[in-house]
Amino acid sequence: MTHAPASAHAFPVLRTAGPLPEALAHPVIAIGNFDGVHRGHRAVIGTAIDQARSLGRPALAMSFEPHPRAFFRPDEPMFRLTPEPMKLRRLAETGLDGAIVLPFDAAIAGLEAEAFVADLLVGRLGVSMVVAGYDFHFGKGRGGSPAFLREAGQRHGFPVEIVPPLLDEGAQISSSVIRAALAQGRVEQAAHMLGAPWAVEAEVIHGDKRGRELGYPTANMRLDPATTLAHGIYAVTVTIDGVTHKGVASHGRRPTFDDGAPRLETFIFDFAGDLYGRVLTVAFHAYLRPELKFDSIDALIAQMDIDSARAKAALA
């Protein structure tokens, strides 16, 4: 029995570890946190899909929510590259047949590595094969290493493939490296590692309406407080109802006016319409300059004219 890739519109997401529906039984599983679903993750997922097609089995991703780091360090804000809904959409786009999202709780955290393999992967999921990245660790105290997983697979009768790191100009591609790039405004480098520009989704909220007075009405959005994207001005694209528009965005505290809580303010070129309450997707293509404090409104408007021209050139 062969399996056609799942479409993004019919992507089953299972939130328990088995028993699996018949169409997804005996899967090849790609395991990981997959925050960002970056090119390194896609190498793991692509390997799982290729192996599943050759075996005539379904290909599933296994992930965990919340992110294990958020479970173990709840007092440290976790900058998610892709919150769960976005992550699942990205996984669906890879051609996987579905995903298993396990609640990362005290029970999962306390599961010994051997029990993770014997009870979960074999006993409940009946895996045909497991694919993981070179840095995947699992089980209590991260006791399960890639080498342990491969050895346990031999004992339990399923093959394991460990995918080596994917390099980007000599550097390993990882979620933490991408977060660090975004914190320095290096959105082009982040996009190269992700395989697409990094993007956020948020609801448009009412701001102070100052942009209208300046001739630059903006869609204002509050990002997750854990977001560490560098403050500054960016060339962006904005997706509204499936249509992509070009724009220029400011992420920061508005030092010329109030130095308030960080906010994303996006001016969408050649667009007019009420966006309040709508959820927009903003993708970051180029960093134009840091956030600055201006001595006058006229100086700010003049700089905004320059920023808009530079954004249009960057997006051309």
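Ala, Val, Leu, Ile, Met, Phe, Trp, Tyr, Cys and Pro are counted here as nonpolar, Asp, Glu, Lys and Arg as charged, and the others, Gly among them, as polar. With these classes in hand, the open and enclosed spaces of this predicted model can be described. Rolling a probe the size of a water molecule over the atoms shows where empty space is left.

The largest pocket has a volume of about 970 Å³. Its lining is made up of 39 residues, and those closest to the centre of the pocket are N33, H67, D135, F136 and R142. By class, the lining of this pocket divides into 20 nonpolar, 13 polar and six charged residues. Four helices, α1, α2 (68–72), α4 (106–109) and α7 (175–183), each supply at least two residues of the lining. The largest share comes from α1, which contributes four residues.

Just before α1 in the chain sits a histidine worth a closer look. H38 is found in the loop that joins β2 (28–31) to α1 (39–55). Is H38 buried or exposed? With a relative accessible area of 3%, H38 is buried, because the cut-off for a buried residue is under 20%. A polar atom of the H38 side chain lies 3.0 Å from the backbone nitrogen of G40. Leaving aside residues up to four places away in sequence, H38 touches I173, S174, S175, I178, M193 and L194.

The second largest pocket has a volume of about 330 Å³. Around this pocket are 18 lining residues, and R212, P217, T218, A219 and G273 lie nearest its centre. Here α9, β10 (219–221) and β13 each provide at least two residues of the lining. The class count for the second largest pocket is nine nonpolar, five polar and four charged residues.

Turning from pockets to enclosed space, the structure holds one cavity of 30 Å³ or more. This cavity has a volume of about 420 Å³. Of its 24 lining residues, I233, S250, E265, L300 and M304 are the closest to the centre. Both helices and strands take part: α9 (210–214), β12 (243–252), β13 (263–268) and α10 (297–315) each supply at least two residues of the lining of the largest cavity. Which element gives the most to this lining? That element is α10, with four residues. The cavity lining has 12 nonpolar, five polar and seven charged residues. Two elements named for the cavity lining, α9 and β13, also appear among those that supply at least two residues to the lining of the second largest pocket.

Terms used. Residues numbered from 1 in each chain as written. Predicted model: local features only at pLDDT ≥ 70, side-chain atom pairs only at ≥ 80, totals over all residues. Heavy atoms only, no water. 1 Å grid on protein atoms, 1.4 Å probe; cavity = no way out; pocket = protein on both sides within 12 Å on 5 of 7 lines; lining within 4 Å. Points joined across faces, edges and corners; volume = space filled by probe spheres on them. Buried < 20%, exposed > 50% of the residue type's maximum accessible area, 1.4 Å probe, protein only. Polar contact = N/O pair within 3.5 Å; in protein donor to acceptor, adjacent residues only side chain to side chain. Contact = heavy atoms within 4.5 Å.
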